[in-house]
Amino acid sequence: MIRLENVTKSYSEEVIALRDASFEVAKGEFVFLVGPSGSGKSTLLRLLNRQERPELGAVWVAGRNIVDMPANRVPMLRRNIGNVFQDYKLLLNKTVFENVAFTLEVIGRPKHVITQQVPAVLELVGLAGKEDRFPDQLSGGEQQRVSVARAFVNRPLILIADEPTGNLDPATGEGIMRLLDRINATGTTVVMATHDQRIVDSMRKRVIQLDRGTIVRDQARGVYQ
Amino acid sequence: MISRIGYVLRETAASFQRNLTLTVAAVITAAVSLLIFGLTLIIQHGFDNLLAQWEGGVEMIVHVNAGAGDAQRAVIEEALVQQEGITIDTWRYCDVTCSLADADRLLAGDPTTRELLTAENITTQYKVVPMDATQVDILRGLRDRYLGLPNVNTVQLAEEQLDLISELQGFVSTYTTGLWIALMAAASLLIWNTIRTAMFARRREIEVMKLVGATDWFIRLPFMLEGLLHGLIGGVLASGALWFINDRWTAGVQGFPDNSGMTALVVVDGYQWQVALIILVFGSIVGTVGSGTAASRFLDV
């Protein structure tokens, strides 16, 4: 599903975010990216949805090298990738329903699809009955659930999550992880960057560890350290 | 498709409300600049009416008494033919229909006088293009000679009014053109800035839209539509103001003395509606270009 081949990405001569990174993620896999701040986790995630392009190497997503993909094809790529962020990135002037529906609306899904899929995904993330609330009327965990619902409503092939539990207390974070695990169980590949040792250790999924842009460990059913 | 159109219209309306003060400023600036653009066209047309009888390099007009028949005019034409290739390059006869059409334009601001002119009493004209228009003395000599011919009512030389009007036309058009270009640039920049502000206010939304796979065109469209509406509304206001000003001016000219020389400096032939259409199209283009440029430039918020 995802393959990186000798990828190097730098922001300047001094700041090299990724050095000669190579790995492969199979369809339906769940992968943790771990490492200290500045190790290149977020850059790697940004490479997967073409927010960034590497100087060297190839990034294969769903069978296509996206490095030289024409700009007009990028939206189609992104429709197959859901994004979850640490700060949720919810639209504060829209309700829970509207935030989730927004994803389908801007890619031109018809209204009957929206009215069918949004309640279903809100049910899945445990927000049924809160469709009309605004983000500032929800707890942090609920806001992140909206973010996950928004990322998953289009049934993407890949879901990338950048520190999704970073702003949440441990119990709420665990709830989000259970949710991501359920989504992964539907066949969606999940790649998640995290600092949360407890979560990584408890989930026992594949772990790719980065240190100053270099992959220093790639372990199946791994732990944080 | 319908949901996309609905989305674009909804977002455009929301953006209008969100940036109300900037929107009003952009619309007013667009309206003022389009009004001056329209006035420039109208004034030009007014001057063209003033100079209508002198179009095509005509420097001398021989007015023939009303009712003069072919036999009487033959004397005048013989005198003109004698000078062909010597002092006269070409000449043409402007019959009753042609002379009445000239009167329509020249007396557009003086309908009372125009109503007095009929096919029976209007003078017909010979319009003369000289070999060299700068040889004023030769033209004056011709005028004196033709004044002595039978059935010649008057002989008019362009030098008496053409130079002054042309100079005035050049002066007015230069300054009004400069003014509308400057104001149009200001309007376009203001629309550009309004759209930039709107995009900045919605940067999180745009970021999310891009991440979930919205195309750049889909994101740009509401902003471009907003700019187009700025220009279009400005155009509607400018067209209304232009109609009002033209109407008041035309009414005012009717009160001018007959010998003021201003009676033709009006536009009453429907040209103002063409100008209104030009203003609407031009305003829409300026608004779309301004907003389209900003929407492309600031898409990576």
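**Exercise 1. The interface between chains A and B**

Determine how many salt bridges join chain B and chain A, and describe the contact around them.

*Solution.*
Step 1. In this predicted model, the count between chain B and chain A is 3 salt bridges.
Step 2. Take one of them: the side chains of Glu11(B) and Lys94(A) meet at 3.9 Å, N to O. The cut-off is 4 Å, so this pair qualifies.
Step 3. Turn to the residues in contact. Chain B supplies 18 and chain A supplies 23.
Step 4. Add the area. About 1800 Å² is buried between chain B and chain A, and carbon and sulfur atoms give 56% of it. On the chain B side, Arg204(B), Leu211(B) and Val212(B) lose the most area to chain A, together 34% of what that side buries.
Step 5. Look at what touches Glu11(B) within its own chain. Arg202(B) does, and Arg202(B) also touches Tyr7(B), Arg18(B) and Phe223(B), not counting residues up to four places away in sequence. Arg202(B) is found in the loop between helix H7 (162–201) and H8 of chain B. Its relative accessible area is 3%, so Arg202(B) is buried.

**Exercise 2. Helix H5 of chain A**

Check the length of helix H5 (residues 140–152) of chain A against its expected span. Then find which elements its buried residues pack against.

*Solution.*
Step 1. H5(A) has 13 residues, and at 1.5 Å a residue these should span 18 Å.
Step 2. The end C-alpha atoms of H5(A) are 18 Å apart, which agrees.
Step 3. Count the covered residues: 11 of 13 are buried, so H5(A) is mostly covered. Among them are Gly141(A), Glu142(A), Val146(A), Arg150(A) and Phe152(A).
Step 4. List the neighbours. In chain A, the buried residues of H5(A) pack against strand S6 (81–85), helix H3 (96–106), helix H4 (111–124), strand S7 (158–162) and helix H6 (170–185). In chain B, they pack against helix H8 (203–211).

**Exercise 3. Two nonpolar cores**

Identify the residues with the most contacts inside the largest nonpolar core.

*Solution.*
Step 1. The largest nonpolar core has 38 residues, and Phe32(A) and Leu159(A) have the most contacts inside it.
Step 2. Several elements of chain A give two or more residues to this core, including strand S3 (30–34), H5, S7, strand S8 (189–193) and helix H7 (197–203).
Step 3. Follow Phe32(A). Leaving aside neighbours within four places in sequence, its contacts include Met177(A), Met192(A), Ile199(A), Met203(A) and Ile208(A).
Step 4. A second, separate core has 27 residues, among them Val7(A), Leu18(A), Val61(A) and Leu210(A).

**Exercise 4. An open sheet in chain A**

Give the strand order of the 4-stranded sheet in chain A and locate its edges.

*Solution.*
Step 1. The order is S2-S1-S4-S5, and the pairing is antiparallel.
Step 2. Strand S2 (16–25) and strand S5 (64–65) each pair on one side only, so these are the edges.
Step 3. Strand S1 (residues 2–10) and strand S4 (residues 56–61) are joined by 5 bridges. Leu4(A) has Val59(A) as its bridge partner.
Step 4. S4(A) and S5(A) pair over 2 bridges. Here Trp60(A) is partnered by Asn65(A).
Step 5. The hairpin of S4(A) and S5(A) has 2 residues between the strands, and Ala62(A) takes a positive phi near 50 degrees.

**Exercise 5. Salt bridges and exposure**

Compare the exposure of the partners in three salt bridges: Arg3(A) with Glu5(A), Glu29(A) with Arg206(A), and Asp70(B) with Arg73(B).

*Solution.*
Step 1. Arg3(A) and Glu5(A) meet at 2.9 Å, N to O. Arg3(A) is partly exposed at 29%. Glu5(A) is also partly exposed, with a relative accessible area of 29%.
Step 2. Glu29(A) and Arg206(A) meet at 3.1 Å, N to O. The pair links distant parts of the chain, 177 residues apart: Glu29(A) lies in the loop between S2 and S3, Arg206(A) in strand S9 (residues 206–211). Glu29(A) is partly exposed at 22%. Arg206(A), at 12%, counts as buried.
Step 3. Asp70(B) and Arg73(B) have their closest N and O atoms 2.7 Å apart. Both lie in helix H3 (residues 70–83) of chain B, 3 residues apart, about one turn of the helix. Asp70(B) is exposed at 59%, whereas Arg73(B) is buried at 11%.

Conventions:
Residues numbered from 1 in each chain as written. Chains lettered and ligands numbered in written order. Predicted model: local features only at pLDDT ≥ 70, side-chain atom pairs only at ≥ 80, totals over all residues. Heavy atoms only, no water. Expected span 1.5 Å × (residues − 1). Buried < 20%, exposed > 50% of the residue type's maximum accessible area, 1.4 Å probe, protein only. Contact = heavy atoms within 4.5 Å. Core = buried A, V, L, I, M, F, W, Y, C linked by side-chain atoms within 4.5 Å. Buried area = accessible area lost by both parts, 1.4 Å probe.
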